[in-house]
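User: I would like a close look at a single part of this model, with its setting in the rest of the chain. Please keep the account plain and give the numbers.

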Amino acid sequence: MDYKNSGVDIEAGYKSVELMKKYVQGTMRPEVLTGLGGFSGAFSMEKFKNMEKPTLVSGTDGVGTKLKLAFLMDKHDTIGIDCVAMCVNDIACAGGEPLFFLDYIACGKNYPEKIAAIVSGVAEGCKQSDAALIGGETAEHPGLMPEDEYDLAGFAVGVVDEKDIITGADVKAGDVLIGMASSGVHSNGFSLVRKIFEMTKESLDTYYDELGKTLGEALLAPTRIYVKALRSVKEAGVRIKACSHITGGGFYENVPRMLPEGKQAVIRKDSYEVPSIFKLMAKKGQVEEKMMYNTYNMGLGMVLAVDPADVDKTMEAIKAAGETPYVVGEIKDGEKGVTLC
């Protein structure tokens, strides 16, 4: 009897590391002091000495049941982007600059090529956010997980000067809300998605004219990463007063999180085009409109509040970073919360 006979293949683990090295290397930053394969990752803070009060911000998250679609479609090279996005978007939402990322993959059986494909997506997400992939763990769990399944989670650390942290404290009535377009469902609400649509390979491979692609392609589209867009706004000299990453809980849960007491966000539903995937989901699943806005991003992955005088600069900065912005509403005095009209 040996470890391999018990279900853990150490040699497969070595091969996975070798296959993923080329992806990891592409995420390196000058501050990284260690290579892949060590017991920990080291990152120099020398560059941030000139900040008045350098402050670390962190985020951790997973991909949730969106993974089920990756299993069914046998497509594993974009799900890592989702994992990175869920962490770094939260950091950027606070005004932080992501520095480094670590991933954790738990699998029933280590298939090196599949693990490498997952990590290639993680590396792509890191490149999109300028974060270094400085470490991770692949854990083989025979008997605990099915051999062909895995779970993916991540952890990111960023930095911001304390004076630049986005808190929402100085939001005032008349401030303008700007939303950035999402790529679709992103990484939230997939338990409901899996109730609306039949989760089979045939169903996911079905082409829909209104989507312009198959259902699986639309649903598996990776989460947008807004780090560079928010950085572009800051570099344009705009003070972002408040920012909300629209994730699980949709508008009703996430928008109020960026508001101080006594301020209300008013968002106009007709200020942008809701993506076809959400219209299809609502129709096919007979999901009422409020539930859709209380579960999904409905086409806006990030919402920020700026002074009216900064709207044009903000819009241009977001466009320059490759994202699509919309003026979607304004801040009013009133009970803390969000009104969709």
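What is the relative accessible area of D130, and which exposure class does that give?

Analyst: The model is predicted. D130 has a relative accessible area of 29%, so this residue counts as partly exposed. D130 sits in the loop between α4 and β3 (132-140). Its phi is positive, about 60°, although D130 is not a glycine. This residue follows helix α4, and the helix is therefore taken up next, with its WHY in the span of its ends: at 1.5 Å a residue, the 18 residues of α4 should cover 26 Å, and the end C-alpha atoms are 26 Å apart, in agreement.

Helix α4 covers residues 112-129. The helix is mostly covered, with 13 of its 18 residues buried. Two of its residues, E113 and K114, can be described one after the other.

E113 lies in α4 and has a relative accessible area of 48%, which means that it is partly exposed. Apart from residues up to four places away in sequence, E113 touches K15 and L19. Both belong to the range 10-25, which is α1. As a distance to a remote point, the C-alpha atoms of E113 and V193 are 28 Å apart, with the two positions 80 residues apart in sequence.

K114 is also found in α4. Unlike E113, which is partly exposed, K114 is buried. K114 has no salt bridge. The nearest side chain of opposite charge is that of D74, at 5.2 Å, and the cut-off for a salt bridge is 4 Å between nitrogen and carboxyl oxygen. Beyond its neighbours within four places in sequence, K114 is in contact with H76, D148 and Y150. Of these, Y150 falls at the start of β4 (150-161).

A second buried charge without a salt bridge is D103, which is part of strand β2 (residues 97-107). For D103 the nearest side chain of opposite charge is K127, 14 Å away. K127 lies within the residue range of α4, 112-129. Setting aside neighbours within four places in sequence, the contacts of D103 include V119 and V122, two positions within that helix range. D103 is further in contact with L133, G135, G136 and E137, which fall in the range of β3, 132-140. L152, A153 and G154 are also among its contacts, and these fall in β4 (150-161).

Before β2 in sequence comes helix α3 (residues 79-93), whose 15 residues should span 21 Å at 1.5 Å a residue; the end C-alpha atoms are 21 Å apart, which agrees. The helix nevertheless bends by about 25° at A85. Of its 15 residues, 14 are buried, so α3 is largely enclosed by the rest of the structure. G95, just after α3, takes a positive phi of about 95°. A positive phi thus comes just after α3 at G95, and after α4 at D130.

A further residue other than glycine with a positive phi is Q286, where the value is near 50°. Q286 is in the loop between α10 (276-285) and α11 (289-293). With 75% relative accessibility, Q286 counts as exposed, whereas D130 is partly exposed at 29%.

K114 and D103 lack salt bridges, but the model has 24 of them in total. One of them joins D77 and K75, with the closest N and O atoms 2.8 Å apart. D77 is partly exposed at 37% relative accessible area, as is K75 at 33%. Another pairs E273 with K279 at 2.5 Å between the closest N and O atoms. There E273 is exposed at 55% and K279 partly exposed at 43%.

A third salt bridge is formed by the side chains of K163 and E52, at 3.9 Å from N to O. This pair links distant parts of the chain, 111 residues apart: K163 is in the loop between β4 and β5 (176-181), and E52 in the loop between α1 and β1 (54-62). K163 is partly exposed at 46% relative accessibility, while E52 is exposed at 60%. Both belong to a network of salt bridges that also takes in D161, D164 and K234.

For the wider setting, the domain assignment gives domain 1 (1-162) and domain 2 (173-338). The residues of α4, 112-129, fall within the bounds of domain 1. The centres of the two domains, taken over C-alpha atoms, are separated by 25 Å. Across the boundary, 29 residues of domain 1 are in contact with 30 residues of domain 2.

Conventions
Residues numbered from 1 in each chain as written. Predicted model: local features only at pLDDT ≥ 70, side-chain atom pairs only at ≥ 80, totals over all residues. Heavy atoms only, no water. Helix = DSSP H or I, 4+ residues; strand = E, 2+ residues; numbered from the N terminus. Buried < 20%, exposed > 50% of the residue type's maximum accessible area, 1.4 Å probe, protein only. Lys, Arg positive; Asp, Glu negative; His and termini not counted. Contact = heavy atoms within 4.5 Å. Expected span 1.5 Å × (residues − 1). Bend = angle between axes of the 7 residues up to and from the residue. Domains from an automatic or database assignment.
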